[in-house]
Structures are given as C-alpha cells and as structure tokens.
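Subject: A structure to look through

Hello,

I am passing a structure on to you, with some notes on what turned up in it. Have a look at it first, and then read on.

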Amino acid sequence: MIVAKFGGTSVTDSNCISRVLDIIQNNPEQQVVVVSALGGITNMIQQSAQFAANGDLKYQEILTEIEERHFACIKELIPINAQSQVLSHIKQQINALSTLHEGVYLLRELSPRTKDHMLVFGELLSYYIIAKTAIAQNLDVGFENARHLIFTKNDIEKNTVDHQKTFESIQSYFKKPKHRVTIVPGFVASDEEGAPATLGRGGSDLTAALIASALDATQLEIWTDVSGMFTAHPKYVKQARAIKQLSYHEAMELSHFGAKVIYPPTLQPVTKKNIPVLVKNTFHPEDEGTLITNEKTSNGQAVRGISYIENIALLTLEGSGMIGIPGYSKKLLSVLAKEKINVIMMTQASSEHSICIGIESSMAPLAKKMIEDDFAYEIETQRINPISVEDELSIIALVGENMKSHQGISGKMFSALGRNNVNVKAIAQGASERNITAVIDSSNTKQALNILHEAFFEKHIKQINLFITGVGNVGSKLIEQLHNQSEYLQSQLKLNVKVAGLSNSRKMLTDAEGIDLSNWEDQLAKGEKADPDTFFEIAKGLHLRNSIYVDNTANEKIAHTYPPYLKSSISVVTCNKIAAAENYAYYSNLKQLARTYNAPYLFETNVGAGLPIIDTLNHLIASGDKVHTIQAILSGSLNFVFNEFNDKTTFREVVQQAMDAGFTEPDPKIDLSGVDVARKILILARESGLEMELSDIDNESFLPKACLETKDNDSFLASLDDHNDQFEKLFTASASNNCRLKYVAELVDGKAKVGLKEIPVGHDFYNLSGSDNIVLFYTDRYKDQPLIVKGAGAGGEVTASGIFADIIRIAKQ
C-alpha cells in the first residue's frame, strides 16, 4: 500500500489535475491518494469569511470566483454527458458554504468552530471533482470523506488528533479495499461531537501520514511543486539543489525551520513505523526527489540543509536580580504557555543575567504585556528590567545529523556571516547538535542564505558581485576583460564573477541575477537616471554576498562615496586616486573602515596602472623592511609626451597624441601640471607609513601659469601652441647636455618632490620608453642596488587589468 498526497499547487487547475491522474494511473500499486484544496482556495475562504465577519459584502465576489474555478475544472475535465451530477453536487456545497457566510455576515461573528466548518469546503470540493474525473476516465477509483476517518479531540485551537479512534476507523475502512485507488480529502476531520474540524496548516500532509501509519504503508509520497527538499530555498538561493536522502531527524529540523515542503507533524506518525517518505515533483515526476528514512546518509556532508523562519521577534528578560535565583525560566515559559505562545528558540547567558526567546512577531505585543504583568513586582523592585523587544528578525539554521562529529561548523558559519557584515543577534544550538541557529535582521535573510550555502555547499565556485561606476575608457575595457575571462575564472580559479550594477554619469542599471555583458551598453542606455546615492542604496539593499564596488572614474564626488560601502562590508576597488590622495584624515578613515568591516579597500592602479607597485611596497613594509628613498617616473602620459617630443613636433601635437591614446586623465592639465604625479608619490609615502598631505609635496611645474589657468581642453591645447617656444627651449637644453627630459617623483627621508629633470645616459630612467613607469625602492635590504618595478604605466587596458587583479585578490581571500 502506498499513500500519496498531492498539495494545492499540484491540483491548482484542470491541467494540474490531469497530471496528477497520470501519475496515479502510472503507479500499479494499491494507493490511497490524499488531495488538498485547489491552489489558493483555502486562503480565499479565509479571506471571504473575514469579509463576512466584518460586514463586507465582498465575500460574495470571492464565493462567486470559487464557484467559477470549480465549475471550470469540471467542464474541462469531465465529459459533458457526465457533468450534470458533479455540477449539481458542487453547487450544493457552494450553497452550503454561502449559507455559512450569510450567518457570519448577519452576526458579525466568526467563531473558531464556524471557521473550521467553512475551511473544510476547499478539500471537500476538490476531492470530489478529482475522484469523479478519475471515474470518468475509467480508473479503478473510489473515494471517502476524511471526516469519517480522522478524528480530533475537543481542542479547537490545536486540533489534537485522537490517534486511537483515527487508527481504528482507517484500519476498519481499508480492511478490504474495494478499489485500487481511494481518493480522500486532506486537512478535514471530525471532532468528538461529529462537527467539522481541521488539522491546521499542513493538515493534508498529516492526513496522509496518519493513513500511512495506520495502514503500515510501504511508502508515503508527498507530491508538490519542487523536486524534493533542497539545500536551501531555491527561490532565494539559485545554486540550491535537491537532497537525495535525509534522515527523519534532519527532515524534521529543516521543516521546523521553515522548509515548507513538509510540515513538522507529518513525520511523527511515519517515524514510529519507520515508513519511508518520498518527496516528488508533480510537474517533473521523472526527477529523483528526496527520500526520507531512518538512515543517516550524509556522504561526508556534515551540513545537509539551510533553512529559515521569517517574522521573528526577540524578547529579552534580563536583570541582576536573576543571577543565582532559580525559577525565572520556568515562570517565563509558563506565562507564554498559558497564552499558547510558541517559543521557537531560547537561549540563556551563562552569567544567568539574561534569557532570550524567539517567537512569532505577531505574538510579541501580547507576550510583552503578559510577561511584564507576571513580573510586575520584579520590574518594580528593579530586580529585572522591562522586557525589551526586537522585531523584524529572521531565524536561520544549519541542519545536519552528523554536525556533532565535525569540528568548526559553527566557527565557519559565523565567520562567513561576519565577513559579509551580517550581524548575529542571538545563537542557539541543541544538545543533539543537529542544528545551529542564529537570529539576524530580516533584511539580511537572502544574503545570509546565499553566504552559508556558498560556504557549505559550493566549495568549488565562489560568487563575486560587482557594482561598477564609470564605463568609459577604463571601465569598458574592464567589462570586456570580465566577459572574455568568465569561463577561465570559473574553470581555473573557481570564481563566478557577475556584474550586478553599472553606472555612468547619466544612467545606471542593476540586476541581482547579473547583467548580460554581451550587450551591456544597450541595457545601460535604457537604465534609470544615474544617482550615486541611489546606486549605493540599491547595492546595499540587494544584500548580495561578496560584493565589490568598483570606481573607474576620476570624479571627486564619487571618491567620497566609499565610506558607506565599506560600512556595509562592500569592498572597494578603484583607480580613482583622489580618495587615497585626499586629506590624510579621510585616507586613514578609509583604511580603518576597511579593517573594521572586513571590506578590503584596494587601489593598486592609483600608482602605475597595472604594475604591482603598491603591492610590492606593502610587502616590503610587512616583512619588516624600511624604505629610505623612492625615485620614480609615475606618469605614463608625461613619459610618453617627453619621449615623443622633439624638434620635429610641437608640444601640443604630442599632448594630443597622448590624449587620443587614453594615456591622460580626462583633464590633461592634471597630468601635465604634475598634480597627478604628486598624488601618486603622496600615496606611496602614506603606504610607507608617513603622515603626509598633498601640500607637503614640492611640485616644480614646467607649465606656464597661463596654461594652468585655462578652463577647458580646447583652450589648454591652444595655450600650449602659444608657449611652444618655451617647451622647445627645454628640449634643446636637455639634448645639448646629452640628456633626456623625464618628469620624476622623489621621496627621500620623509620629504617628497616632483618635477622635470634632465636624465643622463646610463641612468635607469634614461631608456624608459613609451608610456612606461618605473619605481626604484632603496631600503635597508636594497641599499646599493634598488628594487625596481618597471612596465606599462598608462592606458585603459593595463589600468583595467590592474583593477581586475585587485578584484581577484579580494575574491581569493
């Protein structure tokens, strides 16, 4: 004997019912089939009943819709010559339901018993239609009202099952089955007086479990709209996968903590009889599903699933008067039990100074009032404080039968949450060690589920979420590199890097599932109006794990948006050197925020584009070396300009070439004035451990004052033409000394300066070509021969590659 239960989503409409009948017909075993109400009908009846109780005639509209849905199923499923009897029966049931509503409407009262009487109609309507459809298809089917099989004791609010009477009635009815398949409505029962009763939410599951247990069924099948119990909620965690096998205890823990595929009471009757439970997908019956037995089958996986409960409130009872005094826990729980308030989790500090309980949010006001009433004397005498309530919380739980034999599970859980700035309000772990529970803000639920799923189930692939501002020369090259390297990152580095946000100065675009980089420009053009503050709020609100904010601009306003990202544990990667060269207090604050919130702030490309200059310096300092002198050519654009400038070209022409090649900042004065180089040596000085400001750097600019005072690029280039004679004199003087002009930055014994220099033959700088950069580090360990870093130091592609490298560096942490 097999007992199969089909939930509301499996019998939503005629198409779904046809699928169910196909599944029943393809199983040759003796079957009892338990069905729920058509999808959504029970909620509709609850809503209509409430309207009636409130004196609102909208209940009539809902009843009409209920009737139309059932009539539509009949007309689509049953041959026209067999419809009359079924339509008549359903109409009688709808009329009876309508009469109950009229009574509630007139009395303006909805008693628990009347509500139960109304709710049973959903299942009574569906099971009759499904049974009559099966008969019309010549299936060997009978049907029986569960009110004649399932009985409850008179506790309307809890609907406690009378197991002895229920088992006797089931066994008596099925002693000699008349048909291969018997269809029974779930959820419905009778109380001791014979009045209609319900088994509560998940009651159809319980109906099936009770029948399976009473008949010693070979298997209980739960047919739903998902392919088993998953490692996490697939709606929130896209990488979640079905679990092939679970123990009863693991399934109970997962169902208790919100895995709604099975309701917790379902497993109790079958566990006693050791009856396997198979969870299957009605819409994909070929999928393997999840088998639940008494066997522990972990395949080496300590954590089997991650579940959660939303709408939780945390109540805290605390006070110095509790220390060493027995009875506070008992009194607290007694108060809640008296009001039938369920405690979902409880934890007590070892100091005995506080007790913390988690309950449904809706019950928090009542719980607070009742506790404070019962503890009024203790509160008045200040032995304990008034009850504190924290709302809008969720419980998240790791579940696994074998967690107790694996060390470090809780450490891994909380470190993963901490790295992503998910604050844990309370922690609980049962003595059985089958679950580890944490209370967090509801806003972090999706993020926490994904963080933990990645930590425990996605060992091979780590997901990185990028929010990119600036899609010009550098930004577009970065996006191209990300797109081209996506397969390599997954196969070789086990990284799934997706772009969740893009913004330029005009438009912005976000997508939690990742933006398609093959046509990002078209998508961005259709995006919403760009706003840096809104972009941050979206990035923060999406709660995506391993998020990185990437700034590819040279914009001062954008450089001041970093603190809120870091405070939200969103890492920052930038080629925008304004932030690191801002006043020392701001620079220092960014570094401190990065440490405090465990969100790296990386700016390797601030100096030398893709060259590992800052990284090399940091390794020198970290290893205990001391930097005495730094000599460097740090402007790829200036090096290009003075390498190309000669007596056959004008200075303007060379500068224009540098601009066209993308070697300069959008405003070339920043490069040619020496400000950009000054910022770079300032950053190196600060990374060396010096507290220095930009004003402390001696900038010996070679540009005439008139050039520096121009307002736009066109007037700046024109001004270079006006002063070309001055630039030619600089070149001629250098050439006559057999030297080359180079713009050099120096940091010597804590003092920094930048300026144009004549470099003689044989110097390390003399043959530096194109837009290359070079840095010489003289340290305690590199006294006579400096440590040299040399290579391409300008251009969108190399700068993008440096940003890419910083992203990978964070991803691999």
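One definition to begin with: two strands pair if DSSP finds at least two bridges between them. Helices and strands themselves are DSSP runs, H or I of at least four residues for a helix and E of at least two for a strand, numbered from the N terminus. With that in hand, here is a pair to find: I630 stands opposite L747 in β26.

Before you go further, please note that this is a predicted model, in which local features need pLDDT of at least 70 and side-chain atom pairs count only at pLDDT 80 or more, while totals for chains, interfaces and linings use all residues. Residues are numbered from 1 along each chain as its sequence is written, and side-chain values use heavy atoms, with hydrogens and water left out.

The whole chain

The chain holds 30 helices and 29 strands. Its radius of gyration (taken over C-alpha atoms) is 36 Å, well over the 28 Å that the globule rule gives for 813 residues, so the chain is more spread out than a compact globule. That rule is 2.2 Å times the number of residues to the power 0.38. The C-alpha trace spans about 115 × 70 × 55 Å along its principal axes.

Of the 813 residues, 54% count as buried. Buried means under 20% relative accessible area, exposed means over 50%, and partly exposed lies in between (1.4 Å probe, protein chains only). The accessible surface (Shrake-Rupley method, 1.4 Å probe; for residues, only the protein chains shown count as cover) comes to about 35300 Å², and 47% of that belongs to carbon and sulfur atoms. Contact here means heavy atoms within 4.5 Å. Among contacts between residues at least 6 apart in sequence, 72% join residues at least 24 apart.

The strands around β26

Back to the strands of that pair. Strand β26 covers residues 739-748, and 8 of its 10 residues are buried. Strand β24 (residues 627-633) runs antiparallel to β26, and 4 bridges join the two. In β24, 6 of the 7 residues are buried, so this strand is largely enclosed by the rest of the structure.

Each of these strands has another partner. β26 is joined to β27 (residues 751-760) by 10 bridges, again antiparallel, and K742 has K757 in β27 as its bridge partner. The hairpin of β26 and β27 has 2 residues between the strands, and D749 takes a positive phi near 50° there. On the side of β24, 6 bridges link it to β28 (residues 772-779), which runs antiparallel to it; T629 is matched with Y778 in β28.

Just ahead of this region, N738 lies in the loop between α29 and β26. Its phi is near 55°, a positive value in a residue other than glycine.

Helix α28

Which residues of helix α28 (residues 713-722) are buried? They are F716, L717, S719 and L720. Measuring directions from the helix axis to the C-beta atoms, these residues cover an arc of only 155°, which puts them on the same side of α28. An α-helix has 3.6 residues a turn, so residues three or four places apart point the same way. On the other side of α28, D714 and D722 are exposed.

The buried residues pack against α24 (651-660), α25 (669-672), α27 (705-708) and α29 (724-736). At the N-terminal end, D712 acts as the cap: one of its side-chain oxygens lies 3.2 Å from the backbone nitrogen of D714.

A few single residues

F187 sits in the loop between β4 (181-185) and β5 (188-190). It has a positive phi of about 80° although it is not a glycine, and it is buried, with a relative accessible area of 8%.

N546 belongs to the loop between α18 (532-542) and β21 (547-551). It counts as buried at 16% relative accessibility. Leaving aside neighbours within four places in sequence, N546 is in contact with N420, E454, K462, Q463, I464 and N465.

H117, in helix α5 (residues 112-119), is partly exposed, with a relative accessible area of 30%. Not counting residues up to four places away in sequence, H117 touches L100 and P196. L100 is 17 residues from H117 in sequence, and the two are 8.5 Å apart in space, C-alpha to C-alpha.

Happy exploring!

Note on methods:
A polar contact is a pair of N or O atoms within 3.5 Å; within protein, one must be able to donate a hydrogen and the other to accept it, and residues adjacent in sequence count only if both atoms are side-chain atoms.
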